[in-house]
Structures are given as structure tokens and as C-alpha cells.
Amino acid sequence: MSKKDLEILGRAIGFMKDGPSGDVTTAVVFVPGNAASEAERDAILGVVGSGLKVGGITLKAKASSVTDAAASGARVWLVTGAAAAKIGQAGTAAKAITASADKACVEAGNCVLGIETGTKVQIYVSRKAAEASSVAFESAFLLMVKEL
């Protein structure tokens, strides 16, 4: 996830009903031993640094393996591509706001939010994952995204 992706994620969180505010502990969920996942984790941690302020929240990231994410206490999980298929029901059981740059994570119902940036920005929301995680968005936001 790039800085732009993370800024869009922060703004999307702002459209949540009863969403987090202030400092938001964010788990960067990765697969240990997977070089691509570890590189993505490091890149995200580098972008967030000591805190990334977006709107009314400041993302405070910490690394968390797929097996330890539920114990992280984080409300927001940034899921690396390799971890997308491995988080299963852990995110919904933890009532986490799971997000990824991997659209397949949203399509599978493992992530609440998916963000694609390029020539245009596209935000995906998994209704199934959102409901399972007790995440609700304002109606105006849902008009701007693609629900899967």
C-alpha cells in the first residue's frame, strides 16, 4: 500500500458509522518467511512511520503476523497480498476493519476494504466482511464505492 492508498483508507474510515478517531492502532498483517509479504510490511511501516495523520485519525502501525493479528488489539488491519488468503475469519472474529490493496481479499470476503490507485481511484467494500465485522458506512460513502 502506498501513501496515497493509506490516505484514502484513512478518509474511508472517516465515513464509518461510530468509526475510530484520534490515534488508531493499525496492524500490518504479513506472512513470516514470505519475502514479498515482509517487503510489503516494511514498505507500509516506512510510509506510516511514527504516525500518518489523515483527516480525524492518525494511523499508528505495528507489524503483526497472520497468526498473531487477532491478539494485536488493533482495530484496523492492513493486510499484505500474501496474507489476504490466510487471514480467514480472524479479521471478522476480531471485528477488525481489514483493508488491502489486493482486490481478491475483498472478493473473498476476507477484507472489508480494498483500495486500487492508478489512473483512477477505486474503493471496494465487501458487504459480507463489513457486516461480519460490525462495520457500517455512511450512505454517501457507499454511493462512491463498488460493493462486492
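Let's start with the disulfide: this predicted model holds one of them. The two partners are Cys-105 and Cys-111, and their sulfur atoms lie 2.0 Å apart. If you look along the bond between the two sulfurs, you will find a torsion of about 70°, so this disulfide is right-handed. You won't find the pair on the outside, as both Cys-105 and Cys-111 are buried.

Now turn to the sheet. Eight strands make up an open sheet, and their order is β2-β3-β1-β4-β5-β6-β7-β8, with mixed pairing. Who stands at the edges? Strands β2 (52–54) and β8 (146–147) do, and each has a single partner strand, so one side of each is left without a neighbour in the sheet. It helps to recall what holds such an arrangement together: strands of a sheet pair through backbone hydrogen bonds, either parallel or antiparallel.

Let's walk through a few of these pairings. Strand β1, residues 22–30, runs parallel to strand β3, residues 57–65, and nine bridges join the two. To see one of them, find Ala-27, whose bridge partner in β3 is Lys-62. Helix α1, residues 3–13, packs on the sheet and touches several strands, among them β2, β3 and β4 (76–79), and its direction makes about 50° with that of β2. A second helix, α2 (residues 35–48), lies across β1, β2, β3 and β4, and it runs at about 155° to β3.

Strand β1 also pairs with β4, again in the parallel sense, over four bridges. Here you can look for Val-28, which stands opposite Leu-78 in β4. From β4 we can step on to β5, since these two strands pair in the parallel sense as well, over three bridges. In this pairing, Trp-77 stands opposite Thr-98 of β5.

Strand β4 is a nice place to pause and look at side chains. In a regular strand, the side chains alternate between the two faces of the sheet. In β4, Val-76 and Leu-78 point one way while Trp-77 and Val-79 point the other way, and all of them are buried.

What about Thr-98, buried or exposed? Its relative accessibility is 1%, and the cut-off for buried is under 20%, so Thr-98 counts as buried. Which residues surround Thr-98, leaving aside its neighbours within four places in sequence? Thr-98 is in contact with Trp-77, Val-79, Ile-87, Gly-91, Asn-110, Cys-111, Val-112 and Leu-113. You may recognise Cys-111 in that list, the residue that forms the disulfide with Cys-105.

Our next stop is the aromatic rings. A search of the whole structure finds two aromatic pairs. In one of them, the rings of Phe-15 and Phe-141 have their centres 5.1 Å apart and their planes at 25°, so the pair is stacked. This pair links distant parts of the chain: Phe-15 is in the loop between α1 and β1, whereas Phe-141 belongs to helix α6 (residues 139–142), and 126 residues separate them. The two also differ in burial, as Phe-15, at 29% relative accessibility, counts as partly exposed, while Phe-141, at 2%, counts as buried.

The other pair is made by Phe-137 and Phe-141, with ring centres 4.9 Å apart and planes at 35°, so it counts as tilted. Phe-137 is buried too, having a relative accessible area of 6%. Put together, Phe-15, Phe-137 and Phe-141 form one aromatic cluster.

One more ring deserves a look before you go. The charged end of Arg-41 sits over the ring of Phe-30, at 4.4 Å from the ring's centre.

Note on methods. Residues are numbered from 1 along each chain as its sequence is written. This is a predicted model: local features need pLDDT of at least 70, side-chain atom pairs count only at pLDDT 80 or more; totals for chains, interfaces and linings use all residues. Side-chain values use heavy atoms; hydrogens and water are left out. A disulfide is a pair of cysteine sulfur atoms within 2.5 Å. Buried means under 20% relative accessible area, exposed over 50%, partly exposed in between (1.4 Å probe, protein chains only). Two strands pair if DSSP finds at least two bridges between them. Contact means heavy atoms within 4.5 Å. Axes are lines fitted to C-alpha atoms, for helices over the stretch in contact, and angles run from 0 to 180 degrees between N-to-C directions. Rings of Phe, Tyr and Trp (its six-membered ring) pair if their centres lie within 6.5 Å; planes under 30 degrees apart count as stacked, over 60 as edge-to-face and the rest as tilted. A charge sits over a ring if NZ of Lys or CZ of Arg is within 6 Å of the ring centre and within 35 degrees of the ring normal.
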